[in-house]
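This report describes how the strands of one protein model are arranged and looks at a few of its residues. Please keep the structure in view while reading.

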Amino acid sequence: MGPKGPSFDLPLLGRAGIPASGADVLAVLLEVHILSPSTTAWVRVWGRRSGVPAPAAQIYVQRGVSASATVMVRPSATGAVTVQAVSAAAGTTRMLVTVVGWFSTSTYSATDASVARGGRWVLM
């Protein structure tokens, strides 16, 4: 973490029960956990479609206090969401992202009964 904050693109298509085609996914519902931050920070989550859009979620965390939030975000054109931790001072934290579920487009048709529905961890 730091003033510019590192960002990580987390690919979601074809993982954790989410369809492999971006045309089938309107949005994903995620549970974002920030664990033991060493400094006060903001964690931002968004789908990078063009540049750096307004985040779908901003989670404020205090030094040493773990926090979590449920986030609904539309993945980027490549099927990823971006996670970024920004703070005034350098620091570290651990994050865990759980896929709770996803929302389909009107063109999606579930023909595979084995398609999982949420509750899957995506490791960063």
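## The sheet

The strands S1, S6, S3 and S4 form, in that order, an open sheet of 4 strands with antiparallel pairing. S1 and strand S4 (57-61) are at the edges and have a single partner strand each, so one side of each is left without a neighbour in the sheet. On average, and with direction ignored, neighbouring strands of this sheet are turned by 20 degrees against each other. The model is a predicted one.

## Strand S6 and its partners

Which strands pair with S6? Strand S1 (residues 7-11) does so in the antiparallel sense, over 5 bridges. Within this pairing, Asp-9 has Thr-82 of S6 as its bridge partner. S3 also runs antiparallel to S6, and 6 bridges join the two. Here Val-83 in S6 has Val-45 opposite.

Strand S6 covers residues 80-87, and 8 of its 8 residues are buried. One side of the strand carries Ala-80, Thr-82, Gln-84 and Val-86, and the other carries Val-81, Val-83, Ala-85 and Ser-87. Residues on both sides are buried, so both faces of S6 count as covered, with buried meaning under 20% relative accessible area.

## Ala-41 in strand S3

Ala-41 belongs to strand S3, which spans residues 41-46. Is Ala-41 buried or exposed? Its relative accessibility is 2%, so Ala-41 counts as buried.

Ala-41 can also be compared with a residue from another part of the sequence, Ala-90. The two are 49 residues apart in sequence, and their C-alpha atoms are 9.8 Å apart in space.

## Two residues with positive phi

Most residues other than glycine have a negative phi. Ala-16 has a positive value, with phi near 55 degrees. This residue is found in the loop between S1 and strand S2 (25-35). Ala-16 has a relative accessible area of 17% and is therefore buried, as the cut-off for buried is under 20%.

Ser-36 also has a positive phi, near 50 degrees, and is a residue other than glycine. Where does Ser-36 lie? Its place is the loop between S2 and S3. At 40% relative accessibility, Ser-36 counts as partly exposed, because that class lies between the limits of 20% for buried and 50% for exposed.

Terms used
Residues numbered from 1 in each chain as written. Predicted model: local features only at pLDDT ≥ 70, side-chain atom pairs only at ≥ 80, totals over all residues. Heavy atoms only, no water. Buried < 20%, exposed > 50% of the residue type's maximum accessible area, 1.4 Å probe, protein only. Pairing = 2+ DSSP bridges. Axes fitted to C-alpha atoms, helices over the stretch in contact; angles between N-to-C directions.
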